[in-house]
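Trainee: Please take one part of this chain for a close look, and then connect that part to others that deserve attention. I should like a single continuous account that I can follow with the structure open.

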Amino acid sequence: MIVRSDAGDSRDWLKTGAVCPLLKQHHIGHVGIMRAAPPYEIVRHEQSGTFMLACFEGEGVVLVDGAWKRIKKGQACLLPPFVMNALKCVPGKIWKFAWVRYDESREAKPIISSLSPVSAPFDPLPLKFAIEGLNAEVSGTAASSAAHHWTELIHHYVLRFAQPTHPDDRLWRVWQRAEADLKKPWTLGDLAAIAHVSEEHLRRLCRKELGRSPMQHLTFLRLQHARHLLATTPDKIESIANAVGFKNMFGFSNTFKAWIGVRPSEFRKNPAS
């Protein structure tokens, strides 16, 4: 089941989906519900928008931060734009999930924030039902104002996951400080001191709330800012690497490649979407 914002996309897997231009109000390219079975696998070298997947049955894996991460029933993942995006089934497992894919430009700030989880527990059923409701409305012969409400609900459920309204204050302090000074050579001890917890407790908090370790999340923030600078400034790549806390170009380029899918120079050459 697919609902797309525009009938102009002629890709085979999209062109049979219903069309709802209202999705464009929230920069949503398409939404859908998938039943996947092995050997299903899809790889996109540059996903041009934030992608959310919420599993309601079975399990599968997604490529996150350069490594495969398992997403089971009752979990969701949120992948940033302009990175390598891949997902595949686990042998012997059926995977059912709802998804929402946004269309975002390189210059715009995505819906993902410093407190957005890469993966976390999530009730997928309200999002699933909202997508089904939207599909039912726009697939009918008569226009219905209900399509607007389904669209708003879909966006609302994504934002609820991406921008939690009651984040742990300790994590909020940590990432506000770190994001304001990404050049600083932060250590786990530095971050734990801001939160007034032990290093191990900070690890547990981050794993639970964000789906990453503290140092992995720091790398994520650094690379997202680097991505933005590469797209919006003429600064030299070496200067950008230094500005986000990397001591040498080799380490920056290799980390960028592992997490984003291309090297910084390749990313910069690609025209803005």
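Mentor: Let us begin with D65, which sits in the loop that joins strand 5 (51-64) to strand 6 (67-72); strands (E, at least two residues) and helices (H or I, at least four) are DSSP runs, numbered from the N terminus. This is a predicted model, in which local features need pLDDT of at least 70 and side-chain atom pairs count only at pLDDT 80 or more, while totals for chains, interfaces and linings use all residues. Residues are numbered from 1 along each chain as its sequence is written, and side-chain values use heavy atoms, with hydrogens and water left out.

What deserves notice about the backbone of D65? The phi angle of D65 is positive, at about 55 degrees, although D65 is not a glycine.

A related backbone feature appears at H27, a residue of the loop between strand 2 (18-19) and strand 3. The phi of H27 is near 60 degrees, which is again a positive value in a residue other than glycine. H27 has 52% relative accessibility and therefore counts as exposed (over 50% is exposed, under 20% buried, and in between partly exposed, with a 1.4 Å probe and protein chains only).

Beyond strand 3 (28-36), the chain enters the loop that leads to strand 4 (41-44), and P39 lies in that loop. The peptide bond from P38 to P39 is cis, with an omega near 10 degrees.

From the loops we may turn to the helices. F161 belongs to helix 2, which covers residues 146-162. With a relative accessibility of 6%, F161 counts as buried. Leaving aside residues up to four places away in sequence, F161 touches M52, A76, C77, L78, P117, S119, A120, P121 and F122, where contact means heavy atoms within 4.5 Å. As for M84, the C-alpha atoms of F161 and M84 are separated by 21 Å, and these two residues stand 77 residues apart along the chain.

W172 is placed in helix 3. At 42% relative accessibility, W172 counts as partly exposed. W172 and I194 are 22 residues apart along the chain, and their C-alpha atoms are separated by 10.0 Å.

How does helix 3 pack against helix 5? Helix 3 (residues 169-180) meets helix 5 (residues 199-210) at an angle of about 95 degrees, and their axes are 11 Å apart (axes are lines fitted to C-alpha atoms over the stretch in contact, and angles run from 0 to 180 degrees between N-to-C directions). Helix 3 and helix 5 are therefore roughly perpendicular to each other, a term for angles of 65 to 115 degrees. On the side of helix 3, the contact is made by R170, L171 and W175. Helix 5 supplies H201, L202, L205, C206, E209 and L210 to this contact.

Helix 5 also packs against helix 4 (residues 188-195): the axes of these two helices come within 9 Å and cross at roughly 80 degrees. Helix 4 and helix 5 are therefore likewise roughly perpendicular to each other. Here helix 4 contributes L188, G189, L191, A192 and A195, while helix 5 contributes E199, L202 and R203. L202 thus takes part both in the contact of helix 5 with helix 3 and in the contact of helix 5 with helix 4.

Conventions
Angles under 35 degrees count as roughly parallel, over 145 as roughly antiparallel, 65 to 115 as roughly perpendicular and the rest as oblique.
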